[in-house]
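Trainee: I should like to examine one part of this protein closely. Could you please take me through the strand region and its surroundings?

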Amino acid sequence: MTGKAKPKKHTAKEIAAKVDAALTNRGGGKAGLLDRTGLEKGGHAKFECPHCKVTAPDVKSMQIHHDARHPKIPFEESKIVNLHATVASAAESSKGSKPGVRGSLKK
């Protein structure tokens, strides 16, 4: 234990953890939203199961999920929800519908 006059030093492990927390993208904010929805980069879960809302990156993975989790229900590819299509259309429609600020000259 250190005395009152002696300053405490940070360990290398603690400093490395702080640097990692500050510099690693955790997926939050506007950049994280674009990353999660897949509008900018194509990855992440694109399809959603209509029965249990589990997401999958492609149709083949969704079929494997469906066969394992819903064996009594026949697999229909047309019922799978494409999340990228629904998010893209919602983003386009919300851009033009924002009202202007009261008292502003900009419209």
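Mentor: A residue is called buried when its relative accessible area is under 20%, exposed when that value is over 50%, and partly exposed in between. By that measure, 14% of the 107 residues of this protein count as buried. Please bear in mind that the model is predicted.

Let us first place the region in the whole. The protein has four helices and three strands, and along the sequence they follow the pattern α-α-β-β-α-β-α. Strand β1 spans residues 47-48, and E48 lies in this strand.

E48 deserves attention. The residue is buried, yet E48 has no salt bridge. The nearest side chain of opposite charge belongs to K53, at 4.2 Å, whereas a salt bridge requires the charged atoms to be within 4 Å. Leaving aside residues up to four places away in sequence, E48 touches K53, V54, T55, M62, I80, V81 and L83.

The neighbours of E48 in sequence lead us to the core. F47, C49, A56, M62 and I80 form the largest nonpolar core, which has five residues. Two of these core members, M62 and I80, are also among the residues that E48 touches. C49, for its part, contacts V54, M62, H65 and H70, again without counting residues up to four places away in sequence.

For contrast, consider the surface. I15, in helix α1 (residues 12-23), joins V19 and L23 in a nonpolar surface patch of about 300 Å². I15 counts as partly exposed because its relative accessibility is 45%. Over the whole protein, about 9,100 Å² is exposed, and carbon and sulfur atoms supply 58% of it.

Conventions
Residues are numbered from 1 along each chain as its sequence is written. This is a predicted model: local features need pLDDT of at least 70, side-chain atom pairs count only at pLDDT 80 or more; totals for chains, interfaces and linings use all residues. Side-chain values use heavy atoms; hydrogens and water are left out. Helices (H or I, at least four residues) and strands (E, at least two) are DSSP runs, numbered from the N terminus. Buried means under 20% relative accessible area, exposed over 50%, partly exposed in between (1.4 Å probe, protein chains only). Lys and Arg count as positive and Asp and Glu as negative; His and the chain ends are not counted. Contact means heavy atoms within 4.5 Å. A nonpolar core is a set of buried Ala, Val, Leu, Ile, Met, Phe, Trp, Tyr and Cys residues joined through side-chain atoms within 4.5 Å. Patches are made of residues with over 30% relative accessible area and no salt bridge: like charges are joined within 9 Å, nonpolar side chains (Val, Leu, Ile, Met, Phe, Trp, Tyr) within 5 Å. Accessible areas come from the Shrake-Rupley method with a 1.4 Å probe; for residues, only the protein chains shown count as cover.
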